[in-house]
Amino acid sequence: MIQSVICQQLGIQYPLFQGGMAWVADGQLAAAVSNGGGLGLIGAGNAPADYVREQIGVVRSLTDKPFGVNIMLLSPFADEVAQAAADEKVPVITTGAGNPSKYMEQWKNAGCQVIPVVASTAMAKLMQRVGADAVIAEGCESGGHVGELTTMCLVPQIADVTDLPVIAAGGIVDGRGVAAVLMLGACAVQVGTRFLTATECNIHRNYKDKVLKAGDRATVVTGHRLGHPVRSLKTPFARKYTAAEYSQMSNEELDELGTGVLRLAVQEGDIENGCFLAGQVAAMVNREQPAAEIIREMMEEAEPILKGAPKWVV
Ligand code: TUI
């Protein structure tokens with residue numbers, strides 16, 4: 001079985017995190033992943049603290065395994081969600097889309113392990129200095145908010161500047177990806193897109209179908225103009241937004257255009273107006289499966305690949 005330092009550190013069976021996908025990663029999905037031996041995460045996204053508390057209750061009612069909450073730092077509710085996570089003493093807190101330094105003391109005092117997403121070596125060094133327990137190096141193959149570097153380039157550079165465990169994210173969908181990032185210096189993976197079609201994932205049927213049908217060039221990055229590039233499936237909304245970015249439209253109007261579009265995709269399955277976040281690996285997601293099966297399959301695939309590695313060395 002594939003194991004690494006992160007398994008002992010967090011008390012999980014397999015070195016696999018589920019992405020903290022906004023609107024998608026609820027208590028039910030997180031519990032299914034944790035029960036499958038990975039680390040399940042609740043995605044706080046732009047939701048208020050009450051929603052997050054409720055979902056923590058859902059996870060705790062379904063599993064006694066470790067789990068986490070992902071806090072999206074651009075959220076207007078980030079402060080109250082940060083407090084709720086500390087009050088609830090969630091085992092693991094991951095963060096995205098910003099610098100979580102100001103919450104560090106609060107979370108460490110509550111006994112939480114803090115694992116920020118970093119998109120640069122500078123941020124990785126800072127996170128080590130302020131007491132993070134590990135870092136997630138997320139390449140721009142991922143869905144949602146993206147940095148500039150690819151997983152292939154980011155993971156080894158992050159591994160070179162920190163002694164902390166590195167979890168690789170972005171572009172990992174099967175055992176080949178798991179094996180590859182372990183070679184780059186990661187000790188675990190974070191997987192988002194593949195869990196979109198997990199049986200326990202409560203997104204709209206249309207969202208799952210779009211992912212299942214996606215081809216190799218199905219995604220596009222929009223949002224550069226407002227400083228928050230986001231990868232999503234090429235849909236009427238993505239085309240409309242791209243056109244708007246290059247038009248005379250004001251930044252305020254552009255911001256307005258992007259408001260509420262994740263909910264429209266996840267809850268309404270609105271093909272015209274929804275923004276369907278997904279990573280570049282969407283094309284390789286071809287089946288609906290229980291979360292536990294996804295985890296087991298990825299780990300079982302990676303093992304013979306890693307064991308076969310000596311054949312490349314004569
Ligand atoms: O955060 C994500 N993925 C996301 S967040 C999201 S919701 C959203 N809503 C409105 C605008 C933008 C997004 C959908 N998907 N992934 C983790 C991630 N974090 N990727 C990149 C980063 C990151 C970027 C900059 C982390 C730290 C960072 O530091 C900024 C700084 O201060 O230097």
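**Ligand shell, a second pocket and a three-stranded sheet**

In this predicted model, the ligand sits among 13 surrounding residues, and the closest of them are Ala97, Met123, Glu138, Gly144 and His145. Sorted by class, that shell comes out as seven nonpolar residues, five polar ones and one charged.

Several of these neighbours offer polar atoms to the ligand's nitrogens. On the backbone side, a polar atom of Ala97 is 2.9 Å from a nitrogen atom of the ligand, and a backbone N or O atom of His145 also lies 2.9 Å from a ligand nitrogen. Glu138 uses its side chain instead, with a polar atom 3.0 Å from a nitrogen atom of the ligand. As for coverage, the ligand on its own would expose 710 Å², and the protein buries 72% of that area.

His145 and Gly144 turn up again in the sheet, since strand β7 spans 144–145. The sheet is an open one with three strands in the order β7-β11-β10, paired antiparallel. β7 and β10 (219–222) are its edge strands, each pairing on one side only. Between β10 and β11 (residues 230–233), the antiparallel pairing runs over four bridges; within it, Val220 has Ser232 of β11 as its bridge partner.

Then there is the second largest pocket, with a volume of about 200 Å³. It has 14 lining residues, and Trp23, Val24, Tyr51, Val266 and Gln267 lie nearest its centre. Its lining breaks down into eight nonpolar, five polar and one charged residue.

Definitions and conventions. Residues are numbered from 1 along each chain as its sequence is written. This is a predicted model: local features need pLDDT of at least 70, side-chain atom pairs count only at pLDDT 80 or more; totals for chains, interfaces and linings use all residues. Side-chain values use heavy atoms; hydrogens and water are left out. On a 1 Å grid over the protein atoms alone, a cavity is a set of points where a 1.4 Å probe fits but cannot get out, and a pocket is an open set with protein on both sides within 12 Å along at least five of seven lines; lining residues have an atom within 4 Å of a point. Grid points are joined across faces, edges and corners, and a volume is the space filled by probe spheres set on the points. Ala, Val, Leu, Ile, Met, Phe, Trp, Tyr, Cys and Pro count as nonpolar, Asp, Glu, Lys and Arg as charged, and the others, Gly among them, as polar. A residue is near a molecule or strand if one of its heavy atoms lies within 4 Å of it. A polar contact is a pair of N or O atoms within 3.5 Å; within protein, one must be able to donate a hydrogen and the other to accept it, and residues adjacent in sequence count only if both atoms are side-chain atoms. Accessible areas come from the Shrake-Rupley method with a 1.4 Å probe; for residues, only the protein chains shown count as cover. Two strands pair if DSSP finds at least two bridges between them. Helices (H or I, at least four residues) and strands (E, at least two) are DSSP runs, numbered from the N terminus.
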